Structures are given as C-alpha cells and as structure tokens.
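Here are a few short exercises to work through with the model open beside you. Try each task before reading its solution.

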Amino acid sequence: MAKYVLHRLAVSALVMLGISAVVYFMLHLVSESPGRIVLGQRVSPEAVAAFNHQHGFDRPVVVQYLDYLKQLLHGDLGRSYKLNENVSTLIAQNAGRSAMLSLAGLVLALAIAVPLGILQAVRRNGLLDRAATAVSYMLYATPSFLLGLVLIAVFSQQAGLFPAEASQSHSPWAVFTDPRGMTLPVITLAAGSVAVFAQHQRSSALDQLGQDYIRVARAKGLRERQILTRHLLRNACMPLITLVGTLVPTVLAGNVIVESLFNYPGLGLLFLNSLQREDYPLLLAYTLMGGFLTVAGNFLADVMVAAADRRIEVGK
Amino acid sequence: MDSQKNLIVRGLSVEIRRGDRLVRPVADVTLELGRGETLGIVGETGSGKSMTGLAIMGMLPAGGRVTGGSIELGGRDLLAMDPRRYRGGEIAMIFQDSLTSLNPTKKIVEQVAEPVRLHRGESRRAARERAREMLARVGVQRDDYPHQLSGGQRQRVMIAMALVCEPEVVIADEPTTALDVTVQAEILDLLDELRAQRGMSMILITHDMGVIAQRADRVGVMYAGRVAESAPTAEIFERTRHRYTRALLSSIPTLGQDKDKELFSIPGAPPDLARPEPGCPFAPRCDAASDKCREELPPFNGTHACWHPVDGPVTSAGRGRFTLSEPGGTLLRVVDLVREHPAGRRTVKAVSGISFEVAAGETFGLVGESGCGKSSLGRLLVGLDRPDSGEVVIGGEKVTRPRPAVQMMFQDCSAALDPRMRIERILREPLAIHGIGDRQERVRRLLDDVGLPESVLDRYPYELSGGQRQRVGLARALALDPQVLVADEPVSALDVSIRSQVLNLMRRVQAERGLSGVVISHDLAVVRYLADRVGVMYLGKLVETGTTDEVFGAAAHPYTAGLLAAVPEGERTGTPVRGEPPSPVDPPSGCRFRTRCALATEECARTEPPMTPIDGTHRVACHYPLREGRNG
C-alpha cells in the first residue's frame, strides 16, 4: 500500500510540473510586459522597460519560469502589484472561507444524494424514483447563478428568511457563527452536485443490487434494510468516491459564481476581481491551485478506493 | 408417515408478473424430502427448478408470488410465516459460485459469522469463533477477502455460510456448475459428508445427470415448470417412465458411448412459459405424442406425468452414423508455442512450449482444468494473439494475424455476437471485410448448413435462443470457408437437449466440408465425441497426447487418469485428482503436476519429463507412466 501511494505521489508531482509549465507559458503569451499593466498606458515605453528590467521580466521566458518554480518551492507565489500584497497572503486570507463553503456544500450534497440514490435504486421506476430523477435533471440543468438568484428573490427578498449576502468576516468560523447567512450559498452550491451524485449513486446501487452477494445476504435471512447498510452501501459508494475526487476543483470553480452572487469573500471572488484587474501573478497562482486540486483530488480518490476495495492491484 | 418427511411441497404454483407479461415458472409441483435424504431436482434452463428452490426460501424475484399449494417444514406452514424467520437458519441455500457471490469488501469470517449473529443472537466475538470453526470444517483456514480465494475455496465459504447455523434443510442450486470436475468432486464429497454428519436433508438442484446419479437418493425431473417424473435415483435410470426423461438421458454424451453414432437429440426447444398451450408441455418435441397429449394435460400420478410412459432403461441413440474419413496430410502445425501474459510485475505463464499437428479432416481435442492455458492457446491458433516464441503454421503459411483459413467458434455467443447487429449483418460482415461477392446467396447457404430458418436474418442476437445463437456462431465461423475450425467450449453454455443438437451439427458440417478442427473443452465427454486425437493440458504444457481411444481408454499420465476418475458418470473408479492447480505465475519445477501427484518423487521435482512415445501415436510426459511402452 505504501508503495502504491508513493508511486501515485510521484506521478502526481510530474503532472503538477507539466501543468505549471503550460499555465506559465500561456499567461506569458497573454501578457508579455507586466510593466505596461502595472504602470498603465500613459507611462513612457522607457519606464515600462525599466520596470521590466528591474523585476527581471526582460529575461528569456524559460529562465523566468525556472525562477518562478524556485520561488514556488520556497512557498512564494509571487506578488500582486495591483493589491501590493504577497499572493500567498491573499490566498491564505480567502482559502479557509472558500474551503468551508465548498466543504459544507459537498457534505450537504452527499448527505442527501447517497441515501436518495440508494432509495431510488431499491424502488426503481416507482413514483419516488421518477420524481427524484426529474427533479435531479431540472437542478442539473439549472445554472447556479439562476438558482441563486431565484433563491435570493424568494427566500431573502420576499420571505425575508435569509440574508442575501453572506457574512463579510474573513474568519472561516463565520460559517458556524453565521448559519443563516451561509444557508443560501451552501444550498445553491449543493443543488447542482446533488443531482449528479444521486444519479451516479442510483446506477451504481442498481449495479450492486444485481450482484449475487445481495441474493446470498437475503438467503441468510437479513432484513432488507440490513442488506442495504451492511452489504450494499460500501460497495455502491466506490464510484462516488472517484467522482467526488474529480469534482474537487469543479467545486472551486462553482465557488466563483456562488461567491460573486452572494458577495462572499473567498478565492472565487478574489479570482473574479483579479481577472478584471489583469492581476496576472494572482491569476497564475489561482490556476495553478486549480491544477493542484485536480491532481490532489484524483490522488486522494485513488488512494481511498484502493484502501476501501482490496481488489485493486496495489503493487502495480 | 409424515413424521419421516421433513419438507413437503404440495401443488406449488408460482407466477411472475413483469409489466404485461405473466409467466408461470412453477406449476403444480409436489415434492417430498425425507429426513437426512438428498432429493435431486434436474431440468434444463427455465424448467422451474431454481424457482422452486427460491419459492421454498420465500425469495421469489420482484413481481413473483405463490399462487397455490403449500410448503410445510416439520408440520409448519412456511407460506404463512415470515420467511426471514426460517431463511438462513432452518433452511439455507447454496448458490452457484460466481465472482460476486461474496461481498467483495468484507473478509470471509465476518461474512460467515453474519447468520450466527442474526439467528442465534450471539455476540460478535462468539459468532466469529463459530464462523472460524465452520470454515476450518470446510477446509478454509484463513481470513481473507473473497478475491484472494480460488473458485473452489469460494464455494467452500458459501457452504460454510449456509451450514453455520445447522439448518434442517439445505437447498444447493447448481453448487458445482462453475467449477472444474476435479473441484466438483471435492465439493460434492464435502456436502455429502456434512449432510450425513448433521442429519440434514438436501435438495440438490442441477442440470447434470451424472451428479444426480451419484449423489441423490431420489430424483425429480422437471420440464416447463412441472414435475415430469419422480422416483428413487436407481429407478430413474433403470426404469425410466417419462418420455422426456428418456430423451434427456439419451442425449447426454458419455465417455463410454459409440462415437461413430450420432447423438440422440430432442428436436425443438422448451415451450414459452408466457404462452402456455393445453396438453402435455413436452408433446411438441415428443416422438410418441398423440392427439390426447396435445389436448389434455397428463396428471402426475406420484411417479410420472405421461400418457404414454415407457418402461425400461435408456437404450436409444441417434439414428445417423458418421462415416469416418481417413485423415490427409498435416494441415496445421504448432511448434513450441510460448505465451506469457504480464500481470503487474509478474508474468502468467499461460502457454509454455506446446507442439502438435492436425491433419486435414482431423479434429484435435484439448482438455484441461480452467487456467491451464487452453483458451490462450486457442487465441494463438487463430491469430488473435501472438506467441512470444514458436509458431503456428497452416498449409505452409505462418499465422501471425487473423486469417480466413482458421476461424473460431466462441463459447458464449450472446457475448461474441454484436448485440446491435441483425443476424444478416453479422453473417455478411466477414464476407464484406474480405470482399467476397454474392453475399446474399452465401448467407442463405450458410443458414441452410447450420439448420436455421431464413426468418432469423432480420432478428437481433438477443431474440434467438441459446442454441440458435450457437448455430449463428458456427455459421459466422464457416462464412469464410476456413480449413480449420477452432471451437472454444462450443456447447458449455447450452442445455443438455440443445447441446446434442449442436454437437451433431458440428460433426456433420465438419464431415461434409472436410474441415479440420481444434476443440477446446473442460468436458471430457464432449471432446471424446468430437475429436479424433486429444491432448491433455496442464499448466501450459501438454502432458499426454494420442487418439481419443488411447488417451481415454488407457490413460498413461496420472493427471489424465485423475481427471477421468473425477467425471461424475456411473460408478466411480480410480482416484480423482485432488485440490486445485497451482498458480501459472509460479509453476512448480520439474514436472508441473508433481504437487498434486500421488506418484511424485524427488526426480519429478528435479527434471522435467520429456514427451515419450508409449504405443503408436500415444505419447506421455511422465517419469512414472501408468502404462509402459511395448518396447520397454
């Protein structure tokens, strides 16, 4: 098992290196002269050249990239000239809150989707199954900004049950201290994933229900509910683990919309603002983080599946 | 009298509704099971034998219900009880082994302990202790995940799981069908032993008449959801009454029969249970059916349900005879073939140096247990896979990729035929690939050759029966006019009555076309019927070759003799091979069979025995052959 983890880790590191190179060179193509962006259009070309020279932006791009890599290894993500702040500081300020939002959304989605999917499989083609499938597809097809706006209009503006804006505190604990403010963002975030998770869980549970060991469990005299919890649940969740792993970065991207909709100060909002400000060091760091989360999510999913299902050839 | 009877099923009827379709898989079935007795239920797919078992367990599939009759266990009416109260405790069921019959994410002790906790209310620890004892009793002294066990071990775990609560009745549904004959014998011995020890009663559901003959006290023969005949085992074979039973017994290829004669075969296929016809369900396939048979259902009189019963042992064979043609010169030459498949960091040594020749018009049979490499060899023969070394030569040309001259007939045609193609396209495809004209005419002729009506051309594979699909598989293989037909387990997936039809067809087509054949099967009787010469494979090597009469009649290798002894057919003679073959990843040194051989000495571990002629074409690779050559 340890060997398997190490092997996967080494592969993940290589993938990360590739991502960083591609992202760095692509952003370099978009903005060859950071001096122009930082200093503005009215400054003389000489001043821009001087700025670029001072910060080393006139060196060959490969050298710049290697330099950036060296910084990265020391935990230095560069500096945002627009905000005049270290990128790592900015990300650290916002990451905790974003993570809390994503996590709350993910937990809520799973808590609904796993039992729902299994129930749908057990009562397949029944009224509940059809209704749940219909609702799932509707939610899946609804863009989250539309769903968020509808929720705000109904529950915030008309009913006045929840605030339309989340707490502005930078502390991740705000999630717990301000449950009402978090309600609508979390629901908006979870809604889309519930649909995907439940449909996956349903088909995987249907698959497992057809396996012989379920019939054997029945022949032992177990109650249907015992069969579901003791035998079906774990086996039916395997594909979901992989899915959740691959969705980790998507949840981050989903945050962009939800965070801007509810004016929730997190990474998504930071990204959106730096996009408008052409704040390239920040954009670079954010994109790299997306890549990192994708790789990390897949890595975690693989390791978890290998740990839960011993049939995976671990030595391979 | 009833106190002697443990389980009594009277007039049981079951129906299953799926949408608009109403099927009656079990109709008016009456069975009695005495204490300590083994009742065999035999029948083909769809005969209702498994459904009867499931009805007793109260485990009918969705949409199914018991519509009539009664099931009593020790005087209690089971149909009035909640099945969970007796299921797994008083009546247990053993299913056919499959890779998924155990929960893949739980260790086996946990799984065996589950019924103990459930029915005996014992603590987790006590239940695990009991489970360990029971597992030791069936010969599995370990606690691993199911995928780490072999098929035979998994089936032992299934038995432990069923018997751990000491049920009064155990229902074993095809408990050994997925296993090799060698393992089958062991599992059946184990079941018999445990049954006798605990005074349990057993219902043994199987399609295998040989298993029934050896293991059951009484037999019920089922056809189309009804009991056709029921009698003590000896009487079924010696005083067969029902015409279906007689036809069934006649159509089974045996090791002792005259292979020049066509196998007896029952025409047609079993009836569709969704559309019941009046009269005897077997009447459309019965050669003695009268108007009465077609109009009036024969009642079950305690022993049989037939208007025109027979009386006497089975003697009938098919009418046709095969004229054996003299084989011509060598057509297919296999030279020192080696193929190893990488599996992680290790390699599976599937085929380790195999050589043989097949003459024009001759059929060569390959037998061996699962995992011996016979299917890997088959793929090499038709060019679906390339050898690591050695070569396959046909008519002087080396086979390196699939070619028209060698074609393959696959085991499971429902998987080998594209489900989204109509039969016509399936049969035209090989012709189109090789740019052969007049396809329409050729496809017609092919259908005619394999005995299928033209109406199947518009159908999809799933609309055909198993036998029809296998005929399509044969037609597809014949489409390119091959010189050699390689058939990998051609009839293993078929029911007995259909099996003999397909076997006869293969013999006839081969004789008509002068085809050479290579038949791969674990079923010795099938190989004996189809093949002129045979090679016995063990862990990637041939251990004995010769004519079928030489090898099956006077086996020289201890492995061949052990395989033959394991076949459940009539009286048991000799000692069957025990255990399961070692892993082909790391085969034993010297003679690969030595780890399971009673005659093995140190010499066998040191040097590998070469193939040595014994007599005529009979050759064996053994240091201590059971038969010496004429010249010493």
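**Exercise 1. Find the mean pLDDT of chain B, and the helix and strand where confidence is lowest and highest.**

Solution. Start with the whole chain: this is a predicted model, and chain B averages a pLDDT of 89. Next, look at the spread: 96% of the residues of chain B score at least 70. Then go to the elements. Confidence in chain B is lowest in helix α11 (residues 413–416) of chain B, with a mean of 77, and highest in strand β19 (residues 533–538) of chain B, at 96. For the complex, the predictor gives an ipTM of 0.81 together with a pTM of 0.82.

**Exercise 2. Describe the side of chain A that touches chain B: how many residues does it have, and from which elements?**

Solution. First count: chain A brings 21 residues to the contact, and chain B brings 24 residues. Now assign elements: on the chain A side, α10 (212–219) and α11 (224–261) of chain A are the ones that give two or more residues. The largest share, six residues, belongs to α10(A). Finally, sort this side of chain A by class: eleven residues are charged, five are polar and five are nonpolar.

**Exercise 3. Decide whether A:G75 is buried or exposed.**

Solution. Locate the residue first: A:G75 sits in the loop between α4 (61–73) and β1 (79–80) of chain A. Then count neighbours: A:G75 has 7 other C-beta atoms within 10 Å. The cut-off for exposed is 12 or fewer, so A:G75 is exposed. As a last step, take a distance: the C-alpha atoms of A:G75 and A:I152 are separated by 39 Å, with the two positions 77 residues apart along the chain.

Definitions and conventions. Residues are numbered from 1 along each chain as its sequence is written. Chains are lettered from A and ligands numbered from 1 in the order in which they are written. This is a predicted model: local features need pLDDT of at least 70, side-chain atom pairs count only at pLDDT 80 or more; totals for chains, interfaces and linings use all residues. Two residues are in contact if their C-beta atoms, placed from the backbone, lie within 7 Å. Helices (H or I, at least four residues) and strands (E, at least two) are DSSP runs, numbered from the N terminus. Ala, Val, Leu, Ile, Met, Phe, Trp, Tyr, Cys and Pro count as nonpolar, Asp, Glu, Lys and Arg as charged, and the others, Gly among them, as polar. pLDDT is the predictor's confidence in each residue, from 0 to 100. A residue is buried if 20 or more other C-beta atoms lie within 10 Å of its own, exposed if 12 or fewer, and partly exposed in between; C-beta atoms are placed from the backbone.
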